[in-house]
Amino acid sequence: MIAFQGETTSWNVRDRILEITLHREPGNEIGSRTLEEWERLVDALAEAIDGEEIGAVLCWSAIPAGFGAGADLRELYEKMQALGLAERRTRIREFLTRIHRVMTELDECAVPTVAAIQGICFGGAFELALTMDLLVADRSARFGLPELRLGLIPGFGGIPRLKRDLGNPQARDLLLTGRTMGAERAYDAGLITQLTADGRALDIARAAARQLTKLDRKAAASAKAFVKPSPREELEREIDIFTELFLRPVVEESLRTFTQRTDALTYLPPETP
Amino acid sequence: MKTLESTIEEILDLAAAHFQLQKGALTADDDFFEKLGIDSLKALDLLTQLERHFRIELPDYEMQGASNVRSLAERIHARL
């Protein structure tokens, strides 16, 4: 039996479904601890698939605020303060390479995957959701990639996967304005596969996951390869571009400002008078 | 066809019901972020409620730039 209880993420197998629970308060911010646990997760996942213990994966959040707020920007800012430019480059590239490995393993997972999404699904959390095969969301869930407010692009594989899964005009609108998109609109745009009443995404995602376990695994993997190609070349380029953008002084200043903000819409750039 | 005044009234009613305020506690000229003590999650919740009620898409930056209920209503009204 594969089971793990982490500080940020836990998982267990029930009815041949590997159920991943995100539970880092306040908003499942993705930092170094989360990454360490996710690396352990993808190793456990590979083992479960090899052992034919699972037929599907389900990922959900136990945090009331939602699926997740994105990267842990406070940790990022604090850690970069202690480093010179060359070391920043090395460390950010290493972090991105590691998290890309996790996201790609999930994206290309040999068994079908489902995310149950409620509340906010922003930044890195949205990028995690984009690795899943089926996205089941509460009607009031909201999706956004607000990285440009910091002078960055999404760095966990977001742009190539968003481009793959969503119409290019909608992808441009989300990315370039930093606005959020409600689940109903995301469903109409084809990003969400099943829309549920508020509070029901998890139940309905579990039902979908049970259905996935009933189908032939090899056929499912073959079908998935057709409809969900992995944009590997673009993912590599994303790491390069993110690293170069990250090293600019404007990003450090944006992160500093972010850590000090107390206004309502912190995921948007501050209002200028 | 809704008028701007009816849109303002609907926003006030919706905010009163959603944030459990007395009718009249919020007015058209109030800064709703300040008056409602809205944090990031509440702002998103209000945005979702407004989009559902008026059956529109309202980008976050439009709500962020609205200094009071009247200017929010004008932005919504432009999308009806």
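A residue is exposed when its relative accessible area is over 50%. I start from that cut-off. The model is predicted.

**Entry 1: positive phi in chain A**

I looked up A:Glu52. Its relative accessible area is 56%, so A:Glu52 counts as exposed. A:Glu52 is not a glycine, yet its phi is positive, about 55 degrees. I placed A:Glu52 in the loop that runs between helix 1 and strand 4 (56-61) of chain A.

I then turned to A:Asp15. Here, too, I found a positive phi, about 50 degrees, on a residue that is not a glycine. A:Asp15 sits in the loop between strand 2 (9-14) and strand 3 of chain A. I checked its accessibility: at 57% relative accessible area, A:Asp15 is exposed.

**Entry 2: a cis peptide**

I went through the backbone for omega. The peptide bond between A:Glu25 and A:Pro26 is cis, with omega about 0 degrees. I located A:Pro26 in the loop between strand 3 (17-22) and helix 1 (32-50) of chain A.

**Entry 3: A:His100**

Is A:His100 buried or exposed? I read 6% relative accessibility, so A:His100 counts as buried; the cut-off for buried is under 20%. A:His100 belongs to helix 3 of chain A, residues 85-107.

Next I listed its neighbours. Leaving out residues up to four places away in sequence, A:His100 touches A:Gly155, A:Phe156 and A:Gly157. A:His100 also touches A:Leu235, A:Glu238 and A:Ile239. With A:Glu238 there is a polar contact as well: the two side chains are joined at 3.0 Å.

**Entry 4: chain B on its own**

I counted elements in chain B. There are five helices and zero strands. Read from the N terminus, the order is α-α-α-α-α.

How does the radius of gyration of chain B agree with that of a compact globule? I have 11 Å for chain B; a compact globule of 80 residues would be near 12 Å, so the value agrees. I also took the extents of the C-alpha trace along its principal axes, and chain B spans about 30 × 25 × 20 Å.

I checked burial next. In chain B, 46% of the 80 residues count as buried. Then I sorted the contacts in chain B by separation. Among those with a separation of 6 or more, 53% come from residues 24 or more positions apart.

**Entry 5: chain B against chain A**

I moved on to the interface. In contact are 17 residues of chain B and 24 residues of chain A. Between them the two chains bury about 1600 Å², and carbon and sulfur atoms carry 53% of that.

How many salt bridges cross the interface of chain B and chain A? I get five by the rule. One pair I noted is A:Arg185 with B:Glu57, a salt bridge whose closest N and O atoms are 2.8 Å apart. The rule also finds five residue pairs in polar contact across this interface, both residues at pLDDT 80 or more.

Which elements of chain B give two or more residues to the side that touches chain A? I find helix 3 (40-54) and helix 4 (60-64) of chain B. Helix 3 of chain B has the largest share, eight residues. I closed by sorting the residues on this side of chain B: eight are nonpolar, four polar and five charged.

Technical notes: Residues numbered from 1 in each chain as written. Chains lettered and ligands numbered in written order. Predicted model: local features only at pLDDT ≥ 70, side-chain atom pairs only at ≥ 80, totals over all residues. Heavy atoms only, no water. Contact = heavy atoms within 4.5 Å. Buried area = accessible area lost by both parts, 1.4 Å probe. Salt bridge = Lys/Arg side-chain N within 4 Å of Asp/Glu carboxyl O. Polar contact = N/O pair within 3.5 Å; in protein donor to acceptor, adjacent residues only side chain to side chain. Helix = DSSP H or I, 4+ residues; strand = E, 2+ residues; numbered from the N terminus. Nonpolar A, V, L, I, M, F, W, Y, C, P; charged D, E, K, R; others polar. Rg over C-alpha atoms; globule rule 2.2 N^0.38 Å. Buried < 20%, exposed > 50% of the residue type's maximum accessible area, 1.4 Å probe, protein only.
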